[in-house]
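Trainee: Before we look at the chain, I would like to go through the labels one by one and ask what each rests on.
Mentor: Go ahead.

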Amino acid sequence: HCIERWTHSHFPGVQESGGLAGMIHFSDVRDVMYDPAWAELITAIDLADPNSAIVPMDMKLTELLEVFTHQNVAVLPVVEQADSKRIVGIVEQRDLLRAVHEA
């Protein structure tokens, strides 16, 4: 499983349309991936949290830092626009802190 070698603990669950279905936490995947009965029944969409915080790609760094602080997460999905769920990537809190430090 490629997820076992991944360095992130959260993954965006993306619909076929490219829209964000929600974030998936590794612990949720781990709980079902080694159980053959569950592994055949559960899909990524079943594990995706539709209430995950999202950030638009044009959000200012200071606002992004506030979102990280209030959400208490290490990774946030980035969408094209605030009213869109079309995901363009993810941003990690450590990358933001590095960018702020270098600025």
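The exchange below takes up some labels used for this predicted model.

Trainee: Why is Ser-84 called buried?
Mentor: Its relative accessible area is 14%. Buried means under 20%, so Ser-84 is counted as buried. Ser-84 sits in the loop between β4 (75-79) and β5 (87-92).

Trainee: Why does Arg-86 count as partly exposed?
Mentor: Its relative accessibility is 41%. Buried ends at 20% and exposed begins over 50%; 41% falls in between, therefore Arg-86 is partly exposed. Arg-86 also lies in the loop between β4 and β5.

Trainee: What makes the approach of the Ser-84 side chain to the backbone nitrogen of Arg-86 a polar contact?
Mentor: A polar atom of that side chain lies 2.9 Å from the nitrogen. The cut-off is 3.5 Å, for a pair of N or O atoms of which one can donate a hydrogen and the other accept it. The pair is within the cut-off, so the label applies.

Trainee: Which backbone atom does the side chain of Arg-86 reach?
Mentor: The backbone oxygen of Ser-17, at 3.1 Å. That is again within 3.5 Å, so this pair is a polar contact too. Ser-17 is also among the contacts of Arg-86 beyond four places in sequence, including Gly-18, Gly-19 and Val-78.

Trainee: What makes the sheet open, and which strands stand at its edges?
Mentor: The order is β3-β4-β5, with mixed pairing. β3 (55-56) and β5 each have a single partner strand, so one side of each is left without a neighbour in the sheet.

Trainee: How do you know that β3 and β4 pair?
Mentor: Pairing needs at least two bridges. β3 and β4 have two bridges, in the parallel sense, so they qualify. Pro-56, for example, has Val-79 in β4 as its bridge partner. Helix α4 (residues 61-71) packs on the sheet and touches β3, β4 and β5, with its direction at about 135° to that of β4.

Trainee: Which residues make up the largest nonpolar core?
Mentor: Eight residues: Ala-53, Val-55, Leu-64, Phe-68, Leu-76, Val-78, Val-91 and Leu-96. α4 and β4 each supply at least two residues of this core. A second, separate core has five residues, among them Ile-24, Val-29, Met-33 and Ala-48.

Trainee: What does Val-55 touch?
Mentor: Beyond four places in sequence, its contacts include Leu-64, Leu-76, Val-78 and Val-91. In soluble globular proteins, nonpolar side chains tend to be buried together.

Technical notes. Residues numbered from 1 in each chain as written. Predicted model: local features only at pLDDT ≥ 70, side-chain atom pairs only at ≥ 80, totals over all residues. Heavy atoms only, no water. Helix = DSSP H or I, 4+ residues; strand = E, 2+ residues; numbered from the N terminus. Buried < 20%, exposed > 50% of the residue type's maximum accessible area, 1.4 Å probe, protein only. Contact = heavy atoms within 4.5 Å. Axes fitted to C-alpha atoms, helices over the stretch in contact; angles between N-to-C directions. Core = buried A, V, L, I, M, F, W, Y, C linked by side-chain atoms within 4.5 Å.
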